[in-house]
Amino acid sequence: SQIKEYAGATEGAKNGLVHALSKLTILYEDKQFAHFVFTRALLLCSALSAPFYIVLASEQAFDFSLLATFMALSGLASLVSAPIWGRLSDLSSQRVLVFAALLVTLNGFLVYAIAHFSPSMLDEFWLLPLCYFFLTVAHQGVRLGRKTYLVDMAQGNKRTDYVAVSNTVIGLVLLILGSVGLLNAYLSTAELILFYSLLGLAGAISAWRLPNA
């Protein structure tokens, strides 16, 4: 409350959405950037699958202590993994995206396999929280990897255009992929986790084909 705030510079300000839409042409003018946005869209799987881990746990035995456990593990995973992913991203953000996407995929495949072939194991109080922990670790890798890759790929004022366009496109994709959850009436929770895990596999393949920034 004691910080003095000064009026910000507003000269040359533009509407963010209008600016982003006017710059959409860079998606076909810059092939590497378009490839990156496509990969980032696939890697939304790490964020979109997370709620279904909690839903799956709630189908077994849900209470507030379980929810608190997931929240605590999410914070712990972020605290522990972020510095590691950050250092690895400085070496190769492209490989971080690959490894993080594979971790999402393998984690999701494991959860689906257990739910499908040995559902009684889901009653183990530690299993789903542990899987959620590794999912959050992977999500941190996706976040740090994509941010580092974008910064390394773009130079100067191009970063503003890249961020504006990629965030706009990802916002639209997020609405589309997020609506997959509505299929919960037709697919089991484990099958939805499998779907997002397959997106993770596609994301890993796409990230592998990205050039080093």
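Two rings of Phe, Tyr or Trp (for Trp, the six-membered ring) are taken as a pair if their centres lie within 6.5 Å, with planes under 30 degrees apart called stacked, over 60 edge-to-face and the rest tilted. The model examined here is predicted, so local features need pLDDT of at least 70 and side-chain atom pairs count only at pLDDT 80 or more, while totals for chains, interfaces and linings use all residues. Residues are numbered from 1 along each chain as its sequence is written, and side-chain values use heavy atoms, with hydrogens and water left out.

We begin with the overall architecture. Helices (H or I, at least four residues) and strands (E, at least two) are DSSP runs numbered from the N terminus; on this basis the protein chain has nine helices and zero strands. The C-alpha trace spans about 60 × 50 × 35 Å along its principal axes. With a contact meaning heavy atoms within 4.5 Å, 83% of the contacts between residues at least 6 apart in sequence join residues at least 24 apart. Accessible areas follow the Shrake-Rupley method with a 1.4 Å probe, and for residues only the protein chains shown count as cover. The exposed surface of the protein chain comes to about 12100 Å², of which carbon and sulfur atoms supply 66%. Residues are called buried under 20% relative accessible area, exposed over 50% and partly exposed in between (1.4 Å probe, protein chains only); buried ones make up 42% of the 213 residues.

Helix H9 covers residues 189-208, 20 residues in total, and reaches 29 Å from its first C-alpha to its last, close to the expected 28 Å. That expectation is 1.5 Å times one less than the number of residues. The buried residues of H9 include Leu192, Ile193, Tyr196, Leu199, Gly200 and Gly203.

Aromatic contacts come next, and the structure holds seven aromatic pairs. Phe36 and Tyr149 are stacked, at 5.6 Å centre to centre with 10° between the planes. This pair links distant parts of the chain, with Phe36 in helix H3 and Tyr149 in helix H7 (residues 127-153), 113 residues apart. Both rings belong to buried residues, Phe36 at 2% relative accessibility and Tyr149 at 0%. Helix H7 also takes part in an edge-to-face pair, in which Phe70 and Tyr132 are 4.9 Å centre to centre with 80° between the planes. Phe70 lies in helix H6 (residues 64-117) and Tyr132 in helix H7, so this pair ties together parts 62 residues apart in sequence. Phe70 and Tyr132 are both buried. Tyr196 appears again here, since ring pairs link Phe52, Phe195 and Tyr196 into a cluster.

Turning to charged side chains, a salt bridge requires a side-chain nitrogen of Lys or Arg within 4 Å of a carboxyl oxygen of Asp or Glu, and the count comes to one. Lys158 pairs with Asp30, the closest N and O atoms being 3.9 Å apart. Lys158 sits in helix H8 (residues 158-178) and Asp30 in the loop between helix H2 (26-29) and helix H3 (31-42), 128 residues apart. Lys158 is partly exposed, with a relative accessible area of 44%, whereas Asp30 counts as buried at 18%.

Finally, the search for disulfides (cysteine sulfur atoms within 2.5 Å) finds zero in the whole structure. The cysteine sulfur nearest to that of Cys45 is in Cys131, 15 Å away. Cys45 is buried at 1% relative accessibility, and Cys131 is buried at 5%.
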